[in-house]
Amino acid sequence: MPMPMPVQLLAKLQSSAMAAPTSNDLICFTNCFLPQEDGSLIEKDLWIDERRGVILDAQQTFFLRKERPNTIIDLGGNVLSPGFIDIQINGGFGFDFSVYEGDDQTYRDGLKLVAEKIVETGVTALVPTIITQETTLYPKLLDLLRPWSPPHAAHLLGWHAEGPFLQMSKRGAHSPALIISATEGFKTFESIYSPENLADAEDWLMSGDTVHNTVGVRIITAAPEVEGVMEAINEASKRGICFNIGHSMATTDIATAAVRNGARCITHLFNAMPQLHHRDPSIIGLLGASPYLSPSSSSTFLPFPSAIISALNASMHSLPITKEPSIDHISEALDEIKTPPQTPMLLAEQALRKSLLPTGKSTASPGSAAITAIPLGGGQSSESKLKKDLTTIPFDRPFYEIIVDGIHSHPNSVRLAYSAHPDGCILITDAMKILDPHLKDGVHDWRDGRRFYKEGDTLYVEGTTTLAGSVVTLDKCVRNFVRYTGCSIGQAIKCATYNPAKCLNIEDKKGTLRAGSDADLAVLDHQGNVLSTWVKGKMVWARK
């Protein structure tokens, strides 16, 4: 078993990496294991171009340039991974991405601080996330969150707007007064976020002062059952925006329709959504969806009737609801309101349709996507069955984010999700401003006069046992994931690198060791501890 990198080797590594560029600017990492896109590890050298900050095809480079790297770095049998990517993080190191105090430079300084410090956790790229805001703040914040790569720091890839189009009963820490519906569909999205921030991907990147070939990411989390959201999904997706389902009470049919309309990911799985129920597995059930669907009508989706929304609102008052002690606006993922497994949305829909249809008729939703099981063996093959059933269409399950801190989701739930859909798993922190691997246990200030008590990775409201969230780092999520699921370190790394990059369609530049990708790297031991971090071919942090 390879041992952690010795201090002497690290000192040599740091000295060679931080020295003036060599004559040919080529670096060869040797005696290391490289994570592959299938989750395996292979022992192989990796060449990078230090000047350009990209990964090279060693064979092609040698053939074309007729030279070998002048700098050879022996990693002592450790793992050379793509840098981690955190696609949902609310802040860290004392800075909150959702707080704008009127000064652009102060906000930019806060972004830079997080980007500089987070590399210690192996993160080389992140998507700053803002929770539901005053509507007037969105144009300013999203413009400030354009892609940016501060020197010697992680890449700020763009923005993740979580809200304001959320289901009230699953709002978590989002302010109820700020949650709205999209009465005019995508036009409402444009009026809130601004048309410039929702422009086609190429126009959005070109409209700012971003560097050529900059990777840019935009994510929106919304509840598809909220008025106007479903019809906005397709348009947002066409413009290169990753649409996430989250803070939602959607039924299985609604969630499935959202994915067919273009939704690509589920926000913090298990949190702020209905519990898994065998008759209506809801959003969580998408992980177990068949690869083929048979639509019950030719329509891809019929907008959710306002009558059902009214029935839902009426049912919410009569259904049993328990409230936790009031802890407004703390952890945005943890539910403030617990709802029964058989969701009010499902009950309201069934009640309304039953009242409108003659006795004995089906209450299946028109336009919903009913799952057709494909036989696993015997009789006809799946291929011949599909040829006969012309209405059967393929269905790609969405990616899903999961917070692997042992607090937001039980280890058994993490393993259950991963077992169902390993290729869709994305590890996130959903971290708050209090995130800091060096923060000591004890009482710490939050905001608005409130304080937390930190114990390990867990946060409690001061003076209570009320859970307020966690401060887990992404490298610890990787280590936890190995323990919770029994997967290999290579498979866990995939969930923090390749999977998020593929979800965002940036895997040619980030999250992989492909030739031409950015040389954003993390050197890990075989337990997943970060030994050094590299951004664009330069070492930006090393463990002392």
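This briefing walks through a small sheet, its salt bridges, an enclosed helix and two buried residues. The model is predicted. One open sheet of four strands runs in the order 5-4-1-6 with mixed pairing, and the structure holds 19 salt bridges. Two residues given a closer look below are H160, in strand 13, and A496, in helix 14 (residues 489–496).

**The four-stranded sheet**

- The sheet has the strand order 5-4-1-6 and is open, with mixed pairing. Its edge strands are strand 5 (54–56) and strand 6, each of which pairs on one side only. On average, neighbouring strands of this sheet are turned by 30 degrees against each other, direction ignored.
- Strand 1 (residues 26–30) is mostly covered, with five of its five residues buried. L26, C28 and T30 point one way, while I27 and F29 point the other way, and all are buried.
- On one pairing, strand 1 runs antiparallel to strand 4 (residues 46–49), and four bridges join them. Within that pairing, L26 stands opposite D49.
- Strand 1 also runs parallel to strand 6 (residues 71–74), again with four bridges. Here C28 stands opposite I72.
- As general background, strands of a sheet pair through backbone hydrogen bonds, either parallel or antiparallel.
- Helix 2 lies across strand 1, strand 4 and strand 5, and runs at about 55 degrees to strand 4.

**Salt bridges around the sheet and helix 2**

- D49, the residue opposite L26, forms a salt bridge with R65, and their closest N and O atoms are 4.0 Å apart. Because D49 lies in strand 4 and R65 in helix 2 (residues 58–65), the pair ties together parts that are 16 residues apart in sequence.
- The two partners are covered to unlike degrees: D49 counts as buried at 2% relative accessibility, whereas R65 counts as partly exposed at 36%.
- R65 also meets E67 in a salt bridge between their side chains, at 2.9 Å from N to O. E67 counts as partly exposed, with 27% relative accessibility.
- Put together, D49, R52, R65 and E67 are linked in a network of salt bridges.
- In general, side chains of opposite charge can pair when their charged atoms come close.

**A salt bridge within helix 13**

- R479 forms a salt bridge with D475, the closest N and O atoms lying 3.2 Å apart.
- These two residues are four apart in helix 13 (residues 474–485), so about one helical turn separates R479 and D475.
- The general rule behind this is that an α-helix has 3.6 residues a turn, so residues three or four places apart point the same way.
- R479 counts as partly exposed at 22% relative accessibility, while D475 is buried at 8% relative accessible area.

**Helix 5 and its surroundings**

- Helix 5 (residues 186–193) is largely enclosed by the rest of the structure, because six of its eight residues are buried.
- Those buried residues are F186, T188, F189, E190, I192 and Y193.
- What do the buried residues of helix 5 pack against? Their partners are helix 4 (138–144), strand 13 (158–162), strand 14 (217–222), helix 7 (229–238) and strand 15 (242–245).
- Just after helix 5, S194 takes a positive phi of about 90 degrees.

**H160 in strand 13**

- H160 sits in strand 13, one of the elements that the buried residues of helix 5 pack against.
- H160 is buried, with a relative accessible area of 0%.
- The side chain of H160 makes a polar contact with the side chain of T221, at 2.7 Å.
- Leaving aside neighbours within four places in sequence, H160 is in contact with residues including I87, Q88, V127, P128, T129, I130, I219, N244, T267 and E401, as well as T221.

**A496 in helix 14**

- A496 is in helix 14 and is buried, with a relative accessible area of 0%.
- Although A496 and G83 are 413 residues apart in sequence, they are 8.4 Å apart in space, C-alpha to C-alpha.
- Not counting residues up to four places away in sequence, A496 touches G83, F84, I85, L427, L474 and V478.

Definitions and conventions. Residues numbered from 1 in each chain as written. Predicted model: local features only at pLDDT ≥ 70, side-chain atom pairs only at ≥ 80, totals over all residues. Heavy atoms only, no water. Buried < 20%, exposed > 50% of the residue type's maximum accessible area, 1.4 Å probe, protein only. Pairing = 2+ DSSP bridges. Contact = heavy atoms within 4.5 Å. Polar contact = N/O pair within 3.5 Å; in protein donor to acceptor, adjacent residues only side chain to side chain. Axes fitted to C-alpha atoms, helices over the stretch in contact; angles between N-to-C directions.
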